[in-house]
Every structure is written in structure tokens, then in C-alpha cells.
Amino acid sequence: MSFDLNLILDSLPKMLAGFGVTLQLLVVSGLLGLILAILLLLMRLSGKFYLDWVAQVYIYIFRGTPILVQIFIIYYGLPQFEAVRDSVFWSILREPTGCAILALTLNTGAYVSEILRGGVLGVDKGLLEAGSALGMSARQKFIYITTPLATRLALPAYSNDVISLLKSTALASTITITDMTGIARTIVADTYAPYEVFISLAIVYMIFTFGIQKLFGVFERYLGRYARREE
Amino acid sequence: MTDDNSRPLIQMVKVDKFFGSFQALRNIDLEVQKGERIVICGPSGSGKSTLIRCINRLEKHNAGEIIIDGIELTDKVEDIDAVRREVGMVFQNFNLFPHMTIVKNLMIAQQLVRKTSKDESRKLAMRYLERVKIPEQADKYPIQLSGGQQQRVAIARALCMEPEIILFDEPTSALDPEMINEVLDVMVDLAKEGMTMICVTHEMGFARSVADRIIFMDEGEIVEQAEPAAFFDNPKSERTRAFLDQILSH
């Protein structure tokens with residue numbers, strides 16, 4: 001079997017042209033997903049059983065089904081309903097990018113809310129008692145004690161989810177989106193050289209992941225500054 | 001509230017507390033006058049910590065009355081807040097906020113709860129840090145301090161709220177032996193200044209020299225209370241005698 005180095009050099013720049021789309025999918029659904037996750041978290045912590053229950057069902061559904069299936073349901077399924085086509089959301093949902101971002105957002109939101117909840121549960125109860133003893137209200141304790149500490153505790157698992165989300169964006173190529181994976185598939189269809197093209201694609205994702213890891217490493221060091229004895 | 005000398009600052013009447021089916025406090029009657037220094041001792045699981053945690057509502061009592069400076073503790077949030085403004089607490093594990101510098105630990109509740117300005121909060125924080133003799137640590141994080149220093153910061157943090165009463169929940173139990181005295185010294189100073197204090201502690205030397213009254217608890221009950229001399233030299237109850245024999249045997 002031959003390995004065509006020139007083909008790699010040739011296809012790399014083409015795939016990188018899809019980097020912007022991949023980045024857009026990651027950043028937009030990552031941010032929207034984080035907002036959704038915080039809402040779900042607050043619902044779960046609200047102490048109101050009906051809010052908690054709705055959040056739990058939501059999380060169960062989106063963690064219990066494959067992301068690919070969720071993308072297909074949104075992209076192929078929703079337009080079947082006239083109400084969806086008539087709604088204000090149609091301008092988003094008729095575009096494959098809108099559907100992909102929606103699916104990725106809904107999916108990552110479910111996972112991240114559980115990651116954040118883990119962080120909240122990890123905060124030492126004694127610190128909240130200290131807050132109470134000082135007269136701080138529940139809201140003040142949540143903002144000034146729980147949130148900063150839970151953020152630090154949740155960060156490693158959260159960075160894991162962002163990396164996972166990056167790779168989920170590749171699934172967008174199944175609904176005609178020309179992200180890096182979509183372009184790679186087109187090149188493969190033209191050249192019949194899956195080996196070279198997909199390996200170089202894999203390397204691009206690995207480099208991207210490396211960047212995300214480094215970025216979160218910086219966050220972690222910053223947020224963990226109080227946990228180090230030196231300085 | 002008012003400075004009514006006839007009324008005790010803390011009044012507990014027939015207080016019961018359950019954790020599930022386990023009864024942690026049985027029929028507690030306790031009165032503490034302004035300026036009194038009380039030491040509570042007893043075997044582990046006897047309800048000492050639960051008793052003082054009921055005073056600032058970290059635990060909710062199930063029966064009886066608890067009245068702090070005229071305010072009865074009920075489910076009313078305003079009353080709980082009012083009581084907590086008068087009652088400071090120092091914990092066994094310090095419970096300093098690890099993500100805030102020392103001075104910020106002392107400022108945060110002043111700013112949020114008492115609505116003191118940032119400058120005023122910092123001034124008061126520095127004054128109390130000087131009182132516990134560690135102003136130079138103001139800009140460090142808790143983890144950078146020794147256990148004894150952290151506990152002194154925790155005392156200063158409670159003092160910054162200018163409470164009427166301070167509760168100490170085994171303040172020296174988590175400390176290495178060489179650090180116990182620096183914390184006790186601060187507590188002795190506070191006692192001299194007339195602060196109303198309730199200390200759960202096993203430091204019997206401290207109890208003997210500082211306490212006005214020592215309370216011995218066992219199985220959720222107050223078994224005996226007496227002045228230190230009477231308590232140590234002539235305990236009435238068999239249970240008290242057994243406990244003292246145990247802890248003073250070495």
C-alpha cells in the first residue's frame with residue numbers, strides 16, 4: 001500500500017478552510033450549552049420538585065440518546081411540523097448549521113449541568129455554615145462561596161466535555177455542513193484516499209484539542225491560585 | 001436589643017433535638033447572662049456541638065424555646081438573621097473561605113451583611129487582625145497559614161461582625177499541640193474583655209482558668225453544671241467523675 005505525502009499536503013489547506021465552521025459550531029454551541037447548563041443546574045438546585053423533575057427528565061433524554069440521532073431528529077424531523085415551519089425559529093432551523101448548533105447545544109447542556117452539579121456538591125458544607133453563621137443569605141452564599149469554588153472543582157471535567165464537544169461537531173458533516181470533516185469526506189470521495197486524508201484530519205483535531213487543553217490549563221492555574229502554598 | 005440586665009442573653013427552655021430517630025438533645029434548660037463564659041464538655045456524641053449549633057440555628061431544634069437577646073428562634077428568616085448578627089461562631093476546622101485572601105475573609109460579611117463600605121470593612125479587618133497578632137498575613141490565602149494562624153483569623157472574622165456572643169465549637173481540636181496555646185491566648189484575651197462566650201472544648205486548663213461555669217453533657221442531657229473549682233474538685237454526678245477521670249488520667 002502506498003502513502004501519498006503530496007495528497008496530505010494538498011488536502012490539509014482545504015480541510016483547514018473548514019476550521020472556521022468547526023470553530024463556530026464549537027464556540028456557539030459551547031457557550032449556549034453552558035447557559036442552558038446553568039439554567040438546568042439552577043432548576044435542579046431550586047428545591048422546587050417540578051423544576052427539578054423537568055430538568056432531570058431533560059437531562060435523562062439528552063444523555064440517554066446518541067447525539068447523531070438528536071441531530072437527525074432536529075434536521076429531518078422538525079421541518080415535518082407546520083408549526084415549526086411557521087415559527088420564528090424557522091430561519092434557524094431551515095439551515096443545517098442552525099440545526100447542528102441546536103442539537104449540540106441541547107446535548108452539551110445536559111452533560112455540563114451535571115458536571116456543574118458535581119462541582120456544587122463538592123463544596124465543603126462547613127464553608128456554607130461559616131457563611132450562615134456570619135449572617136449571609138442563601139443567595140449571597142451561592143454567589144460568593146459556592147459559585148467560585150464549584151467552578152474550580154468542575155473545571156477539569158468541563159474541559160473534558162468541551163473536547164468531547166469539539167469531536168461531536170464532526171457529526172455536523174452528516175447533514176451537509178462543510179466543517180473540516182465534511183470537507184475531508186468530499187476529498188475522500190474525489191480521491192479515493194481515505195487513509196491519508198482521514199489521518200491528516202485526525203491530526204488536525206488532535207492539534208485543536210491540544211490548544212483547548214492548554215487553554216483550560218491556564219484557567220485551572222488561575223482559578224486554583226489560592227490552593228497553592230508558595231508565592 | 002436592650003441592655004436589660006435581668007434578662008439572660010441566651011435562654012433555652014426544654015429544648016429537644018432529633019436527627020431522625022436519634023435524640024441529640026434532651027430537655028435542655030440553659031440560661032447565659034451577658035458577659036458569662038461557659039465551657040461545655042462531655043464525651044463525643046453527647047450533644048455539645050449540637051447544643052451550640054442550635055443557638056445560631058445551624059441546627060433547628062424540634063421542641064422547646066430558644067431566645068437570644070429577646071428574639072425567639074423560629075422559622076422566621078428575619079429573626080434567624082437578627083440572631084446571627086448577634087452571635088459569632090468559630091469552628092473546629094476554621095472554615096475560612098479558601099478562595100479569598102485573609103483580609104477578604106474578614107471583609108466579605110461586613111460588606112454583604114452589615115453593608116459596611118469597602119474601606120471601613122478593611123479598616124476594621126486590619127484592626128482585628130492586629131488584635132490576633134497576624135496583620136502581616138492579610139494578603140495571603142488561608143492555605144498559606146498554619147492551623148493556629150487560620151484559627152486566629154477565624155476568630156477575627158467573627159469579631160469583625162461585632163457580635164454579642166461568640167460560640168466556639170472545639171476550636172483547638174484540629175490543631176497541632178504547639179499551636180493550641182496561641183489560639184487559647186486569644187480566647188483568654190476575649191474573655192478578659194467581657195465577651196459572652198460558650199466554648200465546647202476539651203482544654204480543661206482553659207476551662208479551669210477562664211470559665212465562670214462548666215457544663216457537663218452526656219447522651220444529650222446537661223448532667224451537671226458548676227463553677228470550675230466545684231466542678232473539678234467535687235463533681236456531684238458519677239458520670240462527670242468517670243469522664244474527668246478519663247480525660248485527666250495522664
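**Exercise 1. Determine whether B:Cys199 is buried or exposed, and state how the cysteines of the model stand with respect to disulfides.**

Step 1. B:Cys199 has a relative accessibility of 2% and therefore counts as buried; buried means under 20% relative accessible area, exposed over 50% and partly exposed in between, with a 1.4 Å probe and protein chains only. The structure is a predicted model, in which local features need pLDDT of at least 70, side-chain atom pairs count only at pLDDT 80 or more, and totals for chains, interfaces and linings use all residues; side-chain values use heavy atoms, without hydrogens or water, residues are numbered from 1 along each chain as its sequence is written, and chains are lettered from A and ligands numbered from 1 in the order in which they are written.

Step 2. A disulfide is taken as a pair of cysteine sulfur atoms within 2.5 Å. The closest cysteine sulfur to that of B:Cys199 belongs to B:Cys41 and lies 12 Å away, too far for a bond.

Step 3. Over all chains, the count by this rule is zero disulfides. B:Cys160 is likewise in no disulfide, and the nearest cysteine sulfur, that of B:Cys199, is 19 Å away. With 0% relative accessibility, B:Cys160 counts as buried.

**Exercise 2. Describe the surroundings of B:Val132.**

Step 1. B:Val132 is located in the loop between helix 4 and helix 5 (147-160) of chain B. Helices are DSSP runs of H or I with at least four residues, strands are runs of E with at least two, and both are numbered from the N terminus.

Step 2. The relative accessible area of B:Val132 is 1%, so this residue is buried.

Step 3. Contact means heavy atoms within 4.5 Å. When neighbours within four places in sequence are set aside, B:Val132 is in contact with B:Arg152, B:Ala156 and B:Val186.

Step 4. B:Gln149 is 17 residues from B:Val132 in sequence, and their C-alpha atoms are 8.6 Å apart.

**Exercise 3. Analyse how helix 3 and helix 4 of chain B pack.**

Step 1. Helix 3 (residues 102-113) and helix 4 (residues 118-131) of chain B pack at about 130°, with axes 9 Å apart. Axes are lines fitted to C-alpha atoms, for helices over the stretch in contact, and angles run from 0 to 180 degrees between N-to-C directions.

Step 2. That angle makes helix 3 of chain B oblique to helix 4 of chain B; angles under 35 degrees count as roughly parallel, over 145 as roughly antiparallel, 65 to 115 as roughly perpendicular and the rest as oblique.

Step 3. Among the residues making the contact are B:Ile102, B:Val103 and B:Leu106 of helix 3 and B:Leu124, B:Ala125 and B:Leu129 of helix 4 of chain B. By class, the contact of these two helices of chain B has eight nonpolar, three polar and three charged residues. Ala, Val, Leu, Ile, Met, Phe, Trp, Tyr, Cys and Pro count as nonpolar, Asp, Glu, Lys and Arg as charged, and the others, Gly among them, as polar.

**Exercise 4. Place helix 8 and helix 9 within chain A and characterise their packing.**

Step 1. Chain A has eleven helices and zero strands. Of its 231 residues, 44% are buried.

Step 2. Helix 8 (residues 125-133) and helix 9 (residues 138-168) of chain A pack at about 160°, their axes 10 Å apart. Helix 8 of chain A is therefore roughly antiparallel to helix 9 of chain A.

Step 3. Helix 8 of chain A contributes A:Leu127, A:Leu128, A:Gly131 and A:Ser132 to the contact, and helix 9 of chain A contributes A:Lys141, A:Ile145, A:Thr146 and A:Leu149. By class, this contact between helix 8 and helix 9 of chain A has four nonpolar, three polar and one charged residues.
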